[in-house]
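Please look over the sequence and the model below, and then follow how a pair of helices, a few single residues and the nonpolar interior are arranged.

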Amino acid sequence: MLNVDVGGGDRVALAVLAQYRMATTEQMHLVLAPGVRIEQTRRRLAKLRGEGLVDRVTLPQAGRTRVWFATQFGVDVALEWPELRERRPPRLIADRTAARLRAGHALTVTETGLAFLQDARRRDDECRPLDWIPEVHHPLGNGEAVIPDALLYYRTCDDGGSMLRAFVDNTTPEPTSHTRQPTPAPSPHTQELPPP
C-alpha cells in the first residue's frame, strides 16, 4: 500500500470553510483540531491559500484577526465531494471587501456552531463539523420559505442515541440612530427525529 497523504485534513478544512462561509483562524483550529498547536492550523490554511482554494481578510478593528473563506475554485472543488454533493451551493463571497463587510454576522453564526460542537465533544455526543449547515432553505409552500442561520444535526449518546435537529437563528437587530439595541442570544428550536 502506498504511503500517500490524500489531504484528509486539508479536505476537511476546505469543506468546513465552503460550508460555514467564514471562520477565524482560532475558530478553524477549534473546529478541526483543538488537540494540536494552532500553528498547524495556520500552516494548513496558508497552504490552502497558496493553492487558491481559500483566501483571507484581516480585521484591523478586531486585533488584526484573520478571517478565512473559500474561493470560487475552493467551493467548486469541495462541492464535488460526497459529503457536500447534496448540499445547496453557498452564497459566495465575491472579494475581500465583501468578506470584510459580511464578517460580523457570519462569524457570529460560526461561533454559535462551534459552541454546539464543543458542547457535544464534552458530552461525548455525536456532532461533527459538517453537521452544522448554514442557511438551509426550507420551503413552506406558496412560494414562501424559512432560511434560518443554520441547521444542526446532533445525536445524543446518553439516552439511546436520540437524533436532534436544531434550527438556529441569531437575529441581529439594526441599531437606530438614537439607540443601541443589544444583540439577542441565539434561539435554538429543537425537534427530536425518529431513529433511522
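In this predicted model, the axes of helices H2 and H6 come within 10 Å of each other and cross at roughly 25°. Since angles under 35 degrees count as roughly parallel, H2 is therefore roughly parallel to H6. The crossing in which H2 passes H6 is left-handed. On the side of H2, the contact is made by Gln27, Leu30 and Val31, while H6 contributes Leu107, Thr110, Glu111, Leu114, Leu117, Gln118 and Arg121. Sorted by class, the residues of this contact are 5 nonpolar, 3 polar and 2 charged.

One of the residues on the H2 side deserves a separate look, namely glutamine 27, which lies in helix H2. Is glutamine 27 buried or exposed? Because buried means under 20% relative accessible area, glutamine 27, at 5% relative accessibility, counts as buried. If neighbours within four places in sequence are left aside, glutamine 27 is in contact with Leu107, Thr110, Glu111 and Leu114.

A second residue to consider is glycine 74, whose place is in helix H4, which spans residues 72–78. Glycine 74 has 0% relative accessibility and so counts as buried. Not counting residues up to four places away in sequence, glycine 74 touches Leu14, Gly52 and Leu53.

For both of these residues, a partner that lies well along the chain can be listed with its separation in sequence and in space.

| Pair | Separation in sequence | C-alpha to C-alpha distance |
|---|---|---|
| Glutamine 27 and leucine 114 | 87 residues | 7.2 Å |
| Glycine 74 and leucine 14 | 60 residues | 6.9 Å |

The nonpolar interior comes next. The largest nonpolar core has 30 residues, and among these Leu14, Leu17, Met28 and Val54 touch the most other members. At least two residues of this core come from each of helix H1 (8–20), helix H2 (25–32), helix H3 (38–50), strand E3 (65–70), H4, helix H6 (96–123) and strand E7 (150–155). Which element gives the most to this core? That element is H1, with 7 residues.

Methionine 28, one of the core members named above, is in contact with Ala13, Val16, Leu17, Ala23, Ala33, Thr41 and Leu45, once its neighbours within four places in sequence are left aside. Apart from the largest core lies another core, of 10 residues, which includes Met22, Leu59, Phe69 and Ala106.

Conventions:
Residues numbered from 1 in each chain as written. Predicted model: local features only at pLDDT ≥ 70, side-chain atom pairs only at ≥ 80, totals over all residues. Heavy atoms only, no water. Helix = DSSP H or I, 4+ residues; strand = E, 2+ residues; numbered from the N terminus. Buried < 20%, exposed > 50% of the residue type's maximum accessible area, 1.4 Å probe, protein only. Contact = heavy atoms within 4.5 Å. Core = buried A, V, L, I, M, F, W, Y, C linked by side-chain atoms within 4.5 Å. Axes fitted to C-alpha atoms, helices over the stretch in contact; angles between N-to-C directions. Parallel < 35°, antiparallel > 145°, perpendicular 65-115°, else oblique. Left-handed = near helix turned anticlockwise from the far one by under 90°. Nonpolar A, V, L, I, M, F, W, Y, C, P; charged D, E, K, R; others polar.
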